[in-house]
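Please read these comments with the structure open beside you, and look up each residue as it is named. They are meant as a colleague's notes, and they go from helix pairs to single helices and then to single residues.

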Amino acid sequence: MNDLNNHKNTVRFYACKLGKHLELSSFEINMLDIAANYHDVGKAKLPKEIVNKPGPLTVDEYEIMKTHVVFSKNLFESAEKDYIHKDQCSKIILYHHENYDGTGYYKLKGEEIPLLSRIIRITDVFAALTEDRCYKKALDMHRALKVMWNEKHFYDYRIFCSFISILNDDEIFSYRTASFTQI
Ligand SMILES: [Fe+2]
């Protein structure tokens, strides 16, 4: 579960930096941090062979993988019973695999996807591509962005461009270079 823990912290860091850059309120940034903290915890409930599979998932495996968003939402709800904006935050977690073009898990499209889910989507994919996993090596920043650019229809374009624009900001540059030796 170390991969999951590192990943969670990286997504939290990028998502909050991006949220600040987008001039979100402190309330929204706090919610972004909480949602990023819980977004993938549900993967711990899935078979390791599926979560860590090096190659493409079969149709059945993909259906199982999709359930992690529900497990994550449920784990968040039971751990944060008193959180005042629980329902709103649950939706952000549940929809963190939506694609802007409507091809994600629940087929939400464009502005139907909560803004904070759109932010997590972009930072989640970038973090996953630039992390070593037990089944793959990390891509450097430029290769990761090339992969994402080729599938840019998945992302809110304005937010994606904003994210690219902050990747060389001092704090983010330091975080990237400390975390990933290949960059
Ligand atoms: Fe996820």
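**Notes on helix packing and single residues**

1. In this structure, Val125, Phe126 and Leu129 of helix H7 meet Ala144, Val147 and Met148 of helix H8. Please keep in mind throughout that the model is predicted. The axes of H7 and H8, the latter made of residues 141–150, come within 9 Å and cross at roughly 135°. That angle makes H7 oblique to H8, because only angles over 145 degrees would count as roughly antiparallel. As for the hand of the crossing, H7 passes H8 in a right-handed one.

2. A second pair to look at is H5 and H6, which pack with their axes 8 Å apart and at an angle of about 155°. Here the angle makes H5 roughly antiparallel to H6, because it falls in the range over 145 degrees. The contact is made on the H5 side by Val69, Val70, Ser72, Lys73, Phe76 and Glu77, and on the H6 side by Lys86, Cys89, Ser90, Ile93 and Leu94. The crossing in which H5 passes H6 is right-handed.

3. H6 also packs with H2, and the axes of H2 and H6 come within 9 Å while crossing at roughly 50°. That makes H2 oblique to H6, and the crossing of these two helices is right-handed. From H2 the contact involves Met31, Ile34, Ala35 and Tyr38, and from H6 it involves Gln88, Cys89, Ile92 and Ile93.

4. Which residues of H5 are buried? They are His68, Val69, Ser72, Lys73 and Phe76, and they lie on the same side of H5, because they cover an arc of only 140° around the axis. As a general point, an α-helix has 3.6 residues a turn, so residues three or four places apart point the same way. The buried residues of H5 pack against H2, H6 and helix H4, which is made of residues 59–66.

5. The length of H5 can be checked by a short calculation, since its twelve residues, 68–79, should span 16 Å at 1.5 Å a residue. The C-alpha atoms at the two ends of H5 are 16 Å apart, which agrees with that expectation.

6. Helix H9, residues 157–166, can be read in a similar way, with Ile159, Phe160 and Phe163 as its buried residues. These three are on the same side of H9, because the arc they cover around the axis is only 100°. On the other side of H9, the exposed residues are Tyr157, Arg158, Cys161 and Ser165.

7. Two residues deserve a look for their backbone angles. Glu23 has a phi near 60°, which is a positive value in a residue other than glycine, and its place is in the loop between helix H1 (2–21) and helix H2 (26–38). Is Glu23 buried or exposed? Glu23 is exposed, because it has 8 other C-beta atoms within 10 Å, and 12 or fewer is the cut-off for that class.

8. Lys107 likewise has a positive phi, of about 60°, although it is not a glycine. It lies in the loop between helix H6 (86–94) and helix H7 (115–129). Because Lys107 has 11 C-beta neighbours inside 10 Å, it counts as exposed.

9. How far apart are Asp33 and Ile84 in sequence and in space? They are separated by 51 residues in sequence and by 15 Å in space, C-alpha to C-alpha. Asp33 has its place in helix H2, and it counts as partly exposed because there are 15 C-beta neighbours inside 10 Å. If residues up to four places away in sequence are not counted, Asp33 touches Arg12 and Cys16.

10. Finally, Glu80 is found in the loop between H5 and H6. With 16 C-beta neighbours inside 10 Å, Glu80 counts as partly exposed, because a residue needs 20 or more to be buried and 12 or fewer to be exposed. Glu80 and Leu32 are 48 residues apart along the chain, and their C-alpha atoms are separated by 14 Å.

Definitions and conventions
Residues are numbered from 1 along each chain as its sequence is written. This is a predicted model: local features need pLDDT of at least 70, side-chain atom pairs count only at pLDDT 80 or more; totals for chains, interfaces and linings use all residues. Helices (H or I, at least four residues) and strands (E, at least two) are DSSP runs, numbered from the N terminus. The expected span of a helix is 1.5 Å times one less than its number of residues. The arc is that of the directions from the helix axis to the C-beta atoms. Two residues are in contact if their C-beta atoms, placed from the backbone, lie within 7 Å. Axes are lines fitted to C-alpha atoms, for helices over the stretch in contact, and angles run from 0 to 180 degrees between N-to-C directions. Angles under 35 degrees count as roughly parallel, over 145 as roughly antiparallel, 65 to 115 as roughly perpendicular and the rest as oblique. A crossing is left-handed if the near helix is turned anticlockwise from the far one by less than a right angle, and right-handed if clockwise.
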